[in-house]
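Me: I would like a close look at one part of this model, with its surroundings described as far as they help to place it. Please keep the account plain.

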Amino acid sequence: MENALTVSQLIASVRLDLEAKYRSVMLIGEISSFKPWRSGHWYFDLKDDQAIVPAVMFKAACDRVKFEAADGMLVCVKGRVSVYAPQSKIQIIVEQMEPVGAGALALAFEQLKEKLHKEGLFDPSIKKPLPFFPRTVGLVTSPQGAALQDMLRIFRQRMPGVNILLGPARVQGQGSSVELAETLRKLDNSGECDVIILSRGGGSLEDLWAFNEEVLARAIYACQTPIISAVGHETDFSIADFVADLRCATPTHAAQTVVPDKAELLQRLSVYENRFHKLAKALVSKVQLALANFSKRLISPQAMLLQFAQRLDVQAQRLEKTMQRRMQRAKERFGVAAARLEALSPLKVLLRGYGAVYHEDHIVSRIEQVKVGDSLSLRLSDGSLGVTVREKNGI
């Protein structure tokens, strides 16, 4: 009984033996029961078709994993074997994790790309158009990098007068993605840039990794200013390329794209100016010819007045002749009527020897209209006679 061990002593002894023997082991297995905790630690099992071993990965090690671990993923881990005393179970404390098959960075790239694509950050319909003639170009890049010098050289060659606003930031290394994102936000919020180029020169996937971080992708997506991504070489694609409004193969290409060539513009303006003058000259000639043809068909106001006066004279003559004919016909009709009226006049009858008898201004045509003794007036052709009725004899 003197040599008997307690349970704790046994577990501690076994743990010391295991940790001494398995200080650094590499293990391939499938992740199962994966649980990320609020503390930042990961708890999961590694299994194959015949065995299973619990695993724990503490936050410091988790932060170095670029991809998102998940159940069913086949991984290769490096760590040390230990014993979790409260439950007396063997576990592996993971210090590094790599996916089996694709590299960790490649897997992380694809995972983030798929995630942001589903959220709509790559949607072509939300891409902002680039200004044709930007007054100020923002550059987010390393002030010591060759990419900056290349772009400045292109700007001087193509458009010397364009304003450049530099946002200096580290383009690789721990924390560089956060620095790039913050610098990008500052330039965008300043409202001074018409377009911003996010760039760096070529490098390995690890060197360019800052441009594949989610924090930078979301900063690009939130910008109100059009963003051009120009990272690495033509064969290098980054998450920033997909989120930006335009991807250029290199920083030099971005500088050539964002500003027009002044010499080329002047040449084009000269061509347009010559075309304009030719068109204007042709148009003026055409208008002059049209005016000349039109002026030939025009009649002067004096000539028009003379023609109008001549027409008035003709109309006046016609009117006068018409009036004369009507007056003549009226005179003829009046003469006929006067002759008829004269033929019916009582004076004509009196000239033939007849007389008209009046009694008290009334003509007497019957003997009963008077009585014996009445004084009558007898109208003859050359005067009248006063007569008295002495007797009445009917016929």
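Which residue stands opposite Ile197 in strand 8? Please start there and work outwards.

Reply: Leu139 stands opposite Ile197 in strand 8. The model is a predicted one, and everything below is computed from it.

The pair can be placed by the strands that carry it. Strand 6 spans residues 136-141, and strand 8 spans residues 195-200. These two strands run parallel and are joined by four bridges. On the strand 9 side, strand 8 pairs with residues 227-231, again in the parallel sense, over five bridges. Two of the residue pairs there can be named. Ile196 has Ile227 as its bridge partner in strand 9, and Leu198 is partnered by Ser229 of strand 9.

The wider arrangement is an open sheet of five strands with parallel pairing, in the order 7-6-8-9-10. Its edges are strand 7, residues 163-168, and strand 10, residues 246-247, each of which pairs on one side only. Strand 8 stands between strand 6 and strand 9 in that order.

How enclosed is strand 8? Six of its six residues are buried, so the strand is largely enclosed by the rest of the structure. The cut-off behind that statement is a relative accessible area under 20%. Both faces are covered: one side presents Val195, Ile197 and Ser199, the other Ile196, Leu198 and Arg200, and all of these are buried. Ile197, the partner of Leu139, is therefore among the buried residues of a strand that is largely enclosed.

Two helices belong in this description. Helix 4, residues 146-158, lies across strand 6, strand 7 and strand 8, and runs at about 165° to strand 6. Helix 5 packs on the sheet as well, touching strand 6, strand 7, strand 8 and strand 9, with a direction that makes about 170° with that of strand 6. Strand 8 is thus in the list for helix 4 and in the list for helix 5.

Helix 5 also leads to the largest pocket, which holds about 700 Å³ of space. The pocket has 26 lining residues, and the closest to its centre are Asp63, Val65, Lys66, Trp209 and Glu213. Helix 2 (59-62), helix 3 (104-119) and helix 5 (176-190) are the elements that give two or more residues to the lining. Helix 3 provides the largest share, four residues. By residue type the lining divides into ten nonpolar, eight polar and eight charged.

A second sheet is found at lower residue numbers. Five strands form a closed barrel that runs 1-2-3-5-4, with mixed pairing. Its neighbouring strands are turned by 50° against each other on average, direction ignored. Strand 1 (residues 25-36) and strand 4 (residues 74-84) pair in the antiparallel sense over six bridges, and Leu27 stands opposite Val77 in strand 4. Helix 1, residues 7-21, lies across strand 4 and strand 5 (89-99), at about 140° to strand 4.

For contrast with the buried strand, consider Val349 in helix 11, residues 346-351. Val349 is partly exposed, with a relative accessible area of 30%. The C-alpha atoms of Val349 and Ser381 are separated by 8.3 Å, although the two residues are 32 apart along the chain.

Methods: Residues numbered from 1 in each chain as written. Predicted model: local features only at pLDDT ≥ 70, side-chain atom pairs only at ≥ 80, totals over all residues. Heavy atoms only, no water. 1 Å grid on protein atoms, 1.4 Å probe; cavity = no way out; pocket = protein on both sides within 12 Å on 5 of 7 lines; lining within 4 Å. Points joined across faces, edges and corners; volume = space filled by probe spheres on them. Nonpolar A, V, L, I, M, F, W, Y, C, P; charged D, E, K, R; others polar. Pairing = 2+ DSSP bridges. Contact = heavy atoms within 4.5 Å. Axes fitted to C-alpha atoms, helices over the stretch in contact; angles between N-to-C directions. Buried < 20%, exposed > 50% of the residue type's maximum accessible area, 1.4 Å probe, protein only.
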